[in-house]
Amino acid sequence: MAFVRSLLGAKKILGHSTAAASAAPKGFLAVYVGESQKKRYLVPVSYLNQPTFQALLSKSEEEFGFDHPMGGLTIPCHEDTFINVTSRLQ
């Protein structure tokens, strides 16, 4: 159920995407990561199926709901944590 909410939330956010978020190549999703300064990353959409990535999306939903300040999906965690999680998914 949480995955479906996260996926629907990501689709809702992408529906209102900015030019930067819409510039992601097919099969990838642009996300902004960081606590104070946000850095843009491209992640494969297949990550949406991964429980550890879903945990990051849940954290994002708790903090921002569907109102993301960067115009794209914002994940409020340390950049090192994000890199650690996504490197294990590859």
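Hi everyone, let me start with one residue: Q50 counts as partly exposed, because its relative accessibility is 31%, where partly exposed lies between buried, under 20% relative accessible area, and exposed, over 50%, using a 1.4 Å probe and protein chains only. Q50 is found in the loop between β2 and α3. Along the sequence Q50 and T86 are 36 residues apart, yet from C-alpha to C-alpha the distance is 9.7 Å.

Before going on, a word about the model. It is a predicted one, in which local features need pLDDT of at least 70 and side-chain atom pairs count only at pLDDT 80 or more, while totals for chains, interfaces and linings use all residues. Residues are numbered from 1 along each chain as its sequence is written, and side-chain values use heavy atoms, with hydrogens and water left out.

Now the overall layout. The chain has four helices and three strands, and reading along the sequence you meet them in the pattern α-α-β-β-α-β-α. Helices here are DSSP runs of H or I with at least four residues, strands are runs of E with at least two, and both are numbered from the N terminus. Of the 90 residues in the chain, 38% are buried. Among contacts with a separation of 6 or more, 51% are between residues 24 or more positions apart, and contact means heavy atoms within 4.5 Å.

Let's turn to the sheet. How are the three strands ordered? The sheet is open, with order β2-β1-β3 and mixed pairing; two strands pair if DSSP finds at least two bridges between them. The edge strands, each pairing on one side only, are β2 (39-44) and β3 (73-75). On average, neighbouring strands of this sheet are turned by 40° against each other, direction ignored. For such angles, axes are lines fitted to C-alpha atoms, for helices over the stretch in contact, and values run from 0 to 180 degrees between N-to-C directions.

Take the two pairings in turn. β1 and β2 run antiparallel and are joined by six bridges. In that pairing A30 stands opposite L42, and Y32 has R40 as its bridge partner. The two strands form a hairpin with five residues between them, and G34 in the turn has a positive phi of about 140°. On the other side, β1 (residues 28-33) and β3 run parallel, with three bridges. There V31 faces L73, and V33 stands opposite I75. β1 is mostly covered, with five of its six residues buried.

Next, helix α4. This helix, residues 79-89, lies across β1, β2 and β3, and runs at about 10° to β2. Which residues of α4 are buried? They are F82, V85, T86 and L89. Seen down the helix axis, these buried residues fall within an arc of 90°, so they line one face of α4; the arc is that of the directions from the helix axis to the C-beta atoms. The face turned away from that buried side carries D80 and R88, which are exposed.

That brings us to the core. The largest nonpolar core has 16 residues, and V31, V33, V43, F53, L56, I75 and F82 have the most contacts inside it. By nonpolar core I mean a set of buried Ala, Val, Leu, Ile, Met, Phe, Trp, Tyr and Cys residues joined through side-chain atoms within 4.5 Å. β1, β2, α3, β3 and α4 each supply at least two of its residues. As background, nonpolar side chains in soluble globular proteins tend to be buried together. V31 makes a nice example: leaving aside neighbours within four places in sequence, V31 is in contact with K39, R40, Y41, V43, L73, I75 and F82.

What about the aromatic rings? Y41, Y47, F53 and F82 are linked into a cluster by ring pairs. Rings of Phe, Tyr and Trp (its six-membered ring) pair if their centres lie within 6.5 Å; planes under 30 degrees apart count as stacked, over 60 as edge-to-face and the rest as tilted. By this rule there are three aromatic pairs.

Finally, a look at the outside. E62 is found in helix α3 (residues 51-64) and counts as exposed, because its relative accessibility is 70%. E62 and P76 are 14 residues apart in sequence and 9.8 Å apart in space, C-alpha to C-alpha. Thanks for listening!
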